[in-house]
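Thanks for making time this morning. I would like to walk you through one structure, and I will try to keep to what can be read from the atoms themselves.

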Amino acid sequence: MTTETDQNLPPQKSNAGIILAGAGFVVLCGILYWGFMQEEPAPTPVEAPVTPVAPPVVTPEAVVAEQAPASISEPTLEPEVVLADEVKTIIEAPAITLPESDAVITEYLPQLNSGMLGQQFAMSSNALERGVAIVDNLRMGNVPYKLLPVGRPSVKFPFQDNGLAVTLDPVGFERYNGLADTLAGVNVAAVVTLYDMLSGVLEEVWSGLGYGDTTFDDAALGALNMILLAPATDLEARLYKDEANWRYEDDSLETLPALQKQLMRMGPGNAEKVQDKARELRGALLDRNT
């Protein structure tokens with residue numbers, strides 16, 4: 001039988017839940033109080049994570065760069081200081097004048113190895129002027145007997161007549177052996193040296209002849225070329241007498257310059273000696289101008 005008092009009381013189950021909730025709250029407060037009231041413990045050091053480092057990659061270029069020595073700077077060349085008393089002044093020798101030329105030729109003559117031919121040429125005055133005139137005649141194919149230091153042979157040139165034709169007698173070539181041997185022995189190097197010493201006055205004398213379109217160098221080479229162009233002696237070439245002179249029947253020979261016909265009358269051997277010397281002198285003069 002339920003009384004009125006029992007009906008006003010709350011159920012037992014509800015009171016137990018309230019009690020449990022309150023106890024939990026008290027416990028929670030205690031935990032929070034304990035946590036805040038305790039000293040804060042020292043933080044535990046945290047080690048930084050170790051990141052593995054890959055070994056460096058060594059390239060050939062890097063090895064060369066490491067092994068290459070430090071660049072060495074080139075030494076600076078300081079300009080050489082020349083003291084005033086060390087300066088040498090080069091003074092050129094004065095040019096030889098025309099009045100002085102005879103003495104220079106006479107003094108230098110022994111080096112030419114020209115024998116009696118050179119001595120006779122240097123004995124007379126105005127040797128240089130006569131030499132220029134000889135070159136002028138030779139280049140035109142003339143034989144300037146009056147200017148040359150040698151005269152005509154005293155013995156007439158012999159001929160041989162077989163009844164069919166008149167030709168040169170080889171015996172007559174011997175008259176020119178001495179001249180050919182003398183010319184063959186001339187010292188070309190000494191001639192060119194003397195030529196260079198006198199080049200200024202040679203050109204002066206040459207210009208005085210009125211040749212404004214050419215130089216004495218050209219004239220000298222022209223004379224040597226005239227000698228070199230002489231044909232070989234034709235021993236079978238026929239001759240005929242025209243009053244006091246003997247002439248070639250072959251017009252191609254008769255019309256040759258007098259200088260070249262004179263070389264033919266000297267004979268093959270002598271003409272070869274003269275032409276060899278002319279060729280040597282021509283080469284030396286050309287080498288001098290290069």
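I will start with the overall picture, then turn to the pockets, and finish with one helix.

Please keep in mind throughout that what you see is a predicted model. The protein contains 13 helices and four strands, and of its 290 residues, 27% count as buried. If we take the contacts with a separation of 6 or more, 67% of them are accounted for by residues 24 or more positions apart. The protein exposes about 21100 Å², and carbon and sulfur atoms supply 60% of that area.

Now to the empty space. As a reminder, rolling a probe the size of a water molecule over the atoms shows where such space is left. The largest pocket has a volume of about 1600 Å³, and 48 residues line it, with L117, I134, L138, L148 and L183 lying nearest its centre. Several helices give two or more residues to this lining, among them α4 (98–112), α5 (115–123), α6 (127–139), α7 (177–184) and α13 (268–288), and the largest share, seven residues, comes from α6. As for the character of the lining of the largest pocket, it divides into 39 nonpolar residues, six polar and three charged.

The second largest pocket holds about 750 Å³ of space. Its lining is made up of 23 residues, and those nearest the centre are R152, F157, N245, W246 and R265. Here the strands β3 (239–242) and β4 (245–248), together with the helix α12, each supply at least two lining residues. The lining of this second pocket divides into 13 nonpolar residues, two polar and eight charged, which you may like to set beside the 39, six and three of the largest pocket.

Let me end with α5, one of the helices that contribute to the lining of the largest pocket. Which residues of α5 are buried? They are L117, G118, F121 and A122, and, seen down the axis of α5, these buried residues fall within an arc of 120°, so they line one face of the helix. The general background is that an α-helix has 3.6 residues a turn, so residues three or four places apart point the same way. On the face of α5 turned away from its buried side we find the exposed residues M116 and M123, while the cover over the buried residues of α5 includes α4, α6 and α7. L117, then, is both a buried residue of α5 and one of the residues nearest the centre of the largest pocket.

Methods: Residues numbered from 1 in each chain as written. Predicted model: local features only at pLDDT ≥ 70, side-chain atom pairs only at ≥ 80, totals over all residues. Heavy atoms only, no water. 1 Å grid on protein atoms, 1.4 Å probe; cavity = no way out; pocket = protein on both sides within 12 Å on 5 of 7 lines; lining within 4 Å. Points joined across faces, edges and corners; volume = space filled by probe spheres on them. Nonpolar A, V, L, I, M, F, W, Y, C, P; charged D, E, K, R; others polar. Buried < 20%, exposed > 50% of the residue type's maximum accessible area, 1.4 Å probe, protein only. Arc of directions from axis to C-beta. Contact = heavy atoms within 4.5 Å. Areas by Shrake-Rupley, 256 points an atom, 1.4 Å probe, with all protein chains shown as cover.
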